[in-house]
Amino acid sequence: MNKTINNIALIGFGYWGPNVAKNIFLNKKFTLKAICDLKQSRLDKANLLYSQFITYELDYQKILADENINSIAIAVETSSHYQIAKDSLNAGKHVYIEKPFTSTVREAEELKELALKNKLILHVDHIMIYHPCVQRIKKMIHSNELGELLYLEAMRMNLGQIKKDVSAMEDLAVHDLSIIDYLTDGQMPFYIKAIGEKKYNPKESLTFLMLRYNNFIVHIQSSWISPLKERKLIIAGTKKMVVFDDIKSSNEKLIIYDKGVDVIAGEDIEYEDYAVKMRVGDISIPYIKEEDALFNSLDHFNDCVMNNIQSDSGPESAIRILKILELANADMKKQI
Ligand SMILES: NC(=O)c1ccc[n+]([C@@H]2O[C@H](COP(=O)([O-])OP(=O)(O)OC[C@H]3O[C@@H](n4cnc5c(N)ncnc54)[C@H](O)[C@@H]3O)[C@@H](O)[C@H]2O)c1
């Protein structure tokens with residue numbers, strides 16, 4: 001393998017694939033060698049952008065047979081992730097794969113073992129953990145600036161894009177679950193409850209997921225049938241509260257509220273001497289350098305390949321997230 005340049009090929013050039021291709025192309029540590037899609041029309045589109053630089057294939061097996069390619073980026077529908085990732089790992093390629101990792105925990109565990117056995121890097125694009133605002137929130141939690149976590153409330157909604165092979169929860173809540181996994185260093189909830197509606201789709205296009213962790217609770221709303229586009233996360237701590245609004249422009253995404261509730265007398269809410277006071281302080285918007293989370297995610301994948309280190313969004317965290325989604329799906333099934 002060339003130790004300085006990561007020769008990579010992309011499989012899947014639909015809606016998201018072009019973003020992955022662009023960020024690979026912009027990163028000089030990679031050489032984008034090939035793009036593959038089942039549809040000639042998508043390859044024609046790619047050809048307009050990268051014509052002279054790369055090759056185009058309809059059949060991904062041809063890419064896997066190319067010994068000059070050492071990494072594969074997979075941006076196809078979730079239902080095809082497992083087979084293509086398995087074939088890639090069996091062909092000795094490092095794998096960058098889009099979220100959600102696989103359709104089942106069993107598939108994810110199999111891929112994790114295969115990567116370990118073949119000594120290959122497996123990186124799941126849990127893009128939000130590479131977002132500078134989320135990284136800033138993690139620093140605030142670790143330095144105790146927020147105090148103890150009280151709750152997280154996440155809203156990810158829009159009108160569409162309805163996907164047939166995943167629910168809105170599997171497609172959207174996976175982002176919020178990856179943020180929580182990252183912020184809490186992999187804590188798992190001990191209580192999982194979900195309700196959803198299968199409107200216009202064989203899978204849920206609207207879900208409400210509720211989780212209870214040791215010291216805090218979580219509510220995650222995921223919807224493809226909303227009049228509003230929202231990408232919002234509220235994180236409330238005992239000292240401060242933070243709102244991360246990913247729709248806002250880059251210098252307004254993170255707002256820190258020095259607000260909270262102080263206990264001013266008594267400790268036990270059963271007794272009358274118990275009293276609380278609302279604390280209202282400054283509202284601040286920290287300066288956060290603008291960075292592209294997808295670029296960062298791909299760059300981290302490259303670091304892992306070049307230095308043979310495990311990805312921060314490797315299969316372990318992806319499996320924890322898929323386990324939560326499977327339990328939430330099982331809970332939704334019980335209600336039908
Ligand atoms: N990280 C993010 O924020 C983010 C955002 C959007 C989508 N995604 C993920 O990206 C993936 C792709 O989503 P999308 O919206 O682009 O889907 P899409 O349906 O628009 O595109 C998928 C493409 O893959 C191609 N394809 C399918 N099977 C193939 C095969 N065997 N060989 C070659 N090409 C094949 C299809 O022809 C299609 O062009 C999904 O896993 C999705 O969850 C991630």
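This briefing covers one cavity, one pocket, a kinked helix and two strand pairings. The model is predicted. It holds one cavity of 30 Å³ or more. Helix H7 (168-183) and strand S11 (225-237) each give two or more residues to the lining of the largest cavity. Both elements come up again below.

**The largest cavity**

- The largest cavity holds about 40 Å³ of space.
- Its lining consists of Met128, Arg156, Asp176, Ile179, Arg231, Lys232, Leu233, Phe244 and Asp246.
- S11 supplies the largest share of that lining, with three residues.
- By class, the lining of the largest cavity has five charged residues, four nonpolar and no polar ones.

**The second largest pocket**

- The volume of the second largest pocket is about 310 Å³.
- This pocket has 17 lining residues. Nearest its centre lie Glu170, Lys203, Glu204, Asn329 and Lys333.
- Helix H9 (residues 315-334) gives the most to the lining of the second largest pocket, contributing six residues.
- Seven charged, six nonpolar and four polar residues make up the lining of this pocket.

**Helix H7**

- All told, 16 of the 16 residues of H7 are buried, so the helix is largely enclosed by the rest of the structure.
- H7 has a kink of about 40 degrees, centred on Val174.
- What end-to-end span should the 16 residues of H7 have at 1.5 Å a residue? The expected figure is 22 Å, and the end C-alpha atoms are 22 Å apart, which agrees.
- Asp185 lies just after H7 and takes a positive phi of about 55 degrees.

**Strand S7 and its partners**

- Strand S7 (residues 149-159) pairs with S11 in the antiparallel sense, over nine bridges.
- Within this pairing, Met157 stands opposite Glu230 in S11.
- S7 also pairs with strand S10 (residues 217-223), here in the parallel sense and over seven bridges.
- On that side, Met155 stands opposite Gln221 in S10.

**Points to locate in the structure**

- For the cavity, start from Asp176 and Ile179, which are among its lining residues.
- For the pocket, start from Glu170 and Lys203, two of the residues nearest its centre.
- For the bend in H7, look at Val174, where the kink is centred.
- For the strand pairings, follow S7 to S11 in the antiparallel sense and to S10 in the parallel sense.

Definitions and conventions. Residues numbered from 1 in each chain as written. Predicted model: local features only at pLDDT ≥ 70, side-chain atom pairs only at ≥ 80, totals over all residues. Heavy atoms only, no water. 1 Å grid on protein atoms, 1.4 Å probe; cavity = no way out; pocket = protein on both sides within 12 Å on 5 of 7 lines; lining within 4 Å. Points joined across faces, edges and corners; volume = space filled by probe spheres on them. Helix = DSSP H or I, 4+ residues; strand = E, 2+ residues; numbered from the N terminus. Nonpolar A, V, L, I, M, F, W, Y, C, P; charged D, E, K, R; others polar. Expected span 1.5 Å × (residues − 1). Bend = angle between axes of the 7 residues up to and from the residue. Buried < 20%, exposed > 50% of the residue type's maximum accessible area, 1.4 Å probe, protein only. Pairing = 2+ DSSP bridges.
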